[in-house]
Amino acid sequence: MPVTEIITIFKNFPKKHIVTLLLGFLLLISLSVLGSIDFSDEKKIPELTKPLKLKSLSENYKIEVPFLEKEAVIKRNDSLVTILNKFGVTKENIIQLINSKDSDLLSKIEVGDKIKIYLNSLGELEKLIYLDNIKSGIKAKKEGDLFLISRYESKVEKVQIFKHVVIKDSMYMSGLRENVPDSVLMDLAYINGWDIDFTHDIQPGDSFSIIYEELIIDGEKVIDGDILISEFNNRNKKFVAVRFDLDEKNSEYYNLDGENVKKAFLRSPVKLSYISSKYNLKRRHPVLHTIRAHRGVDYAANKGSPIRATGDGTIIFAEYNGGCGYEVKIKHSEDYTTRFCHLNGYSARTKVGRKIKQGQTIGYVGSTGLATGPHLHYEFHVNGKHTDPLKVKFPNANPINSNKLTSYKERSLGLVEELRNYQYLIDPREFYGG
Ligand SMILES: [Zn+2]
């Protein structure tokens, strides 16, 4: 390279780079000076007598070909060919795939399953994986002009993870900060949602300990599994829930007495709300300004917020009713009825005589009737008598079958012991006192 060319290269260099280059030279010079100092006490390093063959080393080195990975979930009316077309797989590759032995394994694709393909840098199909569940599937790998198609099974390992979280703000945010997966936190809220109202009951200092499963497929973590046991400390009250498999498909969570954690009623009929007025037999009415008992709980929420049925039942009343405004009444059993006032409107399913499931939307928050602003007035009647919905003890959903109680107790005791061992490891004092 002629000197003038080198000079022009340097001229075009940004200043920063020249500074970096100079610093690099300085470092090299200082290193060579250090290298020439004789540390005579040190052991002499033997001299290299044979040249090292760098070339042969680099020839053995595998060069990773960048693959383009594409993935799709099978929808209605999809066929293997339409999906491969959409992925941009060549006609030639599609014909080769169909001509391959055992290609009929790929003929029965099902809605909801997943297909993954890998295209090489030339855009040719190298590999196709059809996952019919997390553990097994069908794999097709390019071999010459055809594909080698076979079923495969993955190795699935379950590991248990323990987490203890002290709540600073919300259960959800505190859990995320401690790296508890989102899906596990959702499950935790669901499992404990009958005892704890996560919008209104949580206070800083509440805590939870959980053991949950993680599925590791072929050595790579894939799925956050189920919570096996959770212990929730809410305002110094402890709630323990243990997962128990009733059969291959069904499992439920029970407390340590074998009672289902699910209750016949949800604690709160409006999710994003705050309690603006409690059950109070001597309250001054905000509109009428007279002492009038408040025989329900008011949930202030944005106009239009969905109101959910707190338990399974039948709609027995749904029309405008004086100071209550648009009203709904649900009969849950001979003993239990709930009443809702000031609705902005009804949901489509809210018709007298219709059955309703726990959690289904019956209407929307409004301020019809005698109301100062949008809120839900919610009443809970037991045997025809007004009862405080925040204090009434709800009946449990299906308890554990008596013939399974012994095996449940064994299982739950084992898990509680495991939980205690983990808790002891974090802080012996917090969990055992002293
Ligand atoms: Zn009210």
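User: What does Ile227 touch, not counting residues up to four places away in sequence?

Analyst: Keep in mind that we're looking at a predicted model. In it, Ile227 touches Val184, Asp187, Leu188, Ile191, Ile210, Tyr212 and Arg243. These count as contacts because the C-beta atoms of each pair lie within 7 Å.

User: What makes the group around Leu188 and Ile227 a nonpolar core?

Analyst: A nonpolar core is a set of buried residues of certain kinds, Leu and Ile included, joined through C-beta atoms within 7 Å. The set with Leu188 and Ile227 has 24 residues and is the largest such core, so the name fits. Leu188 and Ile227 have the most contacts inside it. The elements that give it two or more residues are α7 (182-192), β7 (207-217), β8 (220-234), β9 (237-245) and β10 (251-254).

User: Which residues are in the other core, apart from that one?

Analyst: That other core has 22 residues, including Val297, Ile315, Ile356 and Val365.

User: How do you know that β8 and β9 pair?

Analyst: Pairing takes at least two bridges. β8 and β9 have six, in the antiparallel sense, so they pair. One example is Ile229, whose bridge partner in β9 is Val242.

User: Why are β6 and β10 called edge strands?

Analyst: The sheet is an open one of five strands, in the order β6-β7-β8-β9-β10, with antiparallel pairing. β6 (156-166) and β10 each pair on one side only, and that's what earns them the name. From one strand to the next, the twist averages 25°.

User: Where does α7 lie, and at what angle does α7 run to β8?

Analyst: α7 lies across β7, β8, β9 and β10, and runs at about 35° to β8.

User: What makes β12 a partner of both β11 and β19?

Analyst: Same test: at least two bridges. β11 (residues 274-277) is joined to β12 (residues 297-300) by three bridges, so those two pair. β12 is joined to β19 (residues 375-382) by four, so they pair as well. Both pairs run antiparallel. Ser277 has Asp298 in β12 as its bridge partner, while Val297 stands opposite Tyr378 in β19.

User: How many residues does the chain have, and what share is buried?

Analyst: The chain has 434 residues, and buried ones make up 23%. To be called buried, a residue needs 20 or more other C-beta atoms within 10 Å of its own. The chain also has nine helices and 20 strands.

Note on methods
Residues are numbered from 1 along each chain as its sequence is written. This is a predicted model: local features need pLDDT of at least 70, side-chain atom pairs count only at pLDDT 80 or more; totals for chains, interfaces and linings use all residues. A residue is buried if 20 or more other C-beta atoms lie within 10 Å of its own, exposed if 12 or fewer, and partly exposed in between; C-beta atoms are placed from the backbone. Two residues are in contact if their C-beta atoms, placed from the backbone, lie within 7 Å. Axes are lines fitted to C-alpha atoms, for helices over the stretch in contact, and angles run from 0 to 180 degrees between N-to-C directions.
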